[in-house]
Amino acid sequence: MAPDERTVRADLRSARFQLGVDGGRWRLLSFDWPVGLFAVAAAERAGSPVEYALRVDFSGYPQRAPTATPWDVDCNELLSADKRPKGYRVGRVFRCNWNGGQALYAPWDRVALEGHPNWANDHMVYAWHPQRDIAFFLGCVYELLNDDDYTGV
């Protein structure tokens, strides 16, 4: 098993990850290296889902950040714009008009971080670095989906 896969599997067994699962913040739906499918709980909003799925690619983990694609589990495809979470900050992270909507526009996501090298310094609290783990990544998404800024779909 490659080091990145070994690290991901260890993080999925970690107490930090399990605390999120046990607390109902997120859950692992499936894992087929290098991709994991996760559901992250969202605050209750009228006409909106109680969770959103992310298809997460862990290639190069943890030296390289994971990258997450908002995912429609029922259709097994990229989550369409009309089903994505809305809000000012939430809408920016889950936007469709950047990178074809295939990554989160956030400093903890590999695609966004590599495309914006200044973010590592400009957003140090949220920027990915190799000492982070999947619980940090999912926790950032959970925080957004449970903030007053989140308005639903």
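Biologist: How many aromatic pairs does the structure hold?

Modeller: It holds 13. Rings of Phe, Tyr and Trp (for Trp, the six-membered ring) pair if their centres lie within 6.5 Å; planes under 30 degrees apart count as stacked, over 60 as edge-to-face, and the rest as tilted. The model is predicted: local features need pLDDT of at least 70, side-chain atom pairs count only at pLDDT 80 or more, and totals for chains, interfaces and linings use all residues. Residues are numbered from 1 along each chain as its sequence is written; side-chain values use heavy atoms, leaving out hydrogens and water.

Biologist: Why is the pair of Tyr-52 and Phe-94 called tilted?

Modeller: Their planes stand 45 degrees apart, at 6.5 Å centre to centre. That angle is neither under 30 nor over 60, so the pair counts as tilted.

Biologist: What makes this pair a link between distant parts of the chain?

Modeller: Tyr-52 is in strand S3, Phe-94 in the loop between H3 and H4, 42 residues apart. Helices (H or I, at least four residues) and strands (E, at least two) are DSSP runs, numbered from the N terminus. Both rings belong to buried residues. Buried means under 20% relative accessible area, with exposed over 50% and partly exposed in between (1.4 Å probe, protein chains only).

Biologist: Which residues form the aromatic cluster?

Modeller: Phe-17, Trp-26, Phe-31, Trp-33, Phe-38, Phe-58, Tyr-61, Trp-128 and Phe-136 form it.

Biologist: How do you know that Arg-132 sits over the ring of Phe-136?

Modeller: The rule wants NZ of Lys or CZ of Arg within 6 Å of the ring centre and within 35 degrees of the ring normal. The charged end of Arg-132 is 4.0 Å from the centre of the Phe-136 ring. Arg-55 also has its charged end over a ring, that of Trp-71, at 5.3 Å from the centre.

Biologist: What makes S1 and S5 edge strands?

Modeller: Each pairs on one side only. The open sheet has the order S1-S2-S3-S4-S5, with antiparallel pairing. Two strands pair if DSSP finds at least two bridges between them. Six bridges join S1 to S2, so these strands pair. One of the residues involved is Arg-27, whose bridge partner in S2 is Ala-39.

Biologist: Which helix supplies the largest share of the core?

Modeller: H6, with nine residues. The largest nonpolar core has 40 residues. Such a core is a set of buried Ala, Val, Leu, Ile, Met, Phe, Trp, Tyr and Cys residues joined through side-chain atoms within 4.5 Å. Among those touching the most other members are Leu-54, Trp-108 and Ile-134.
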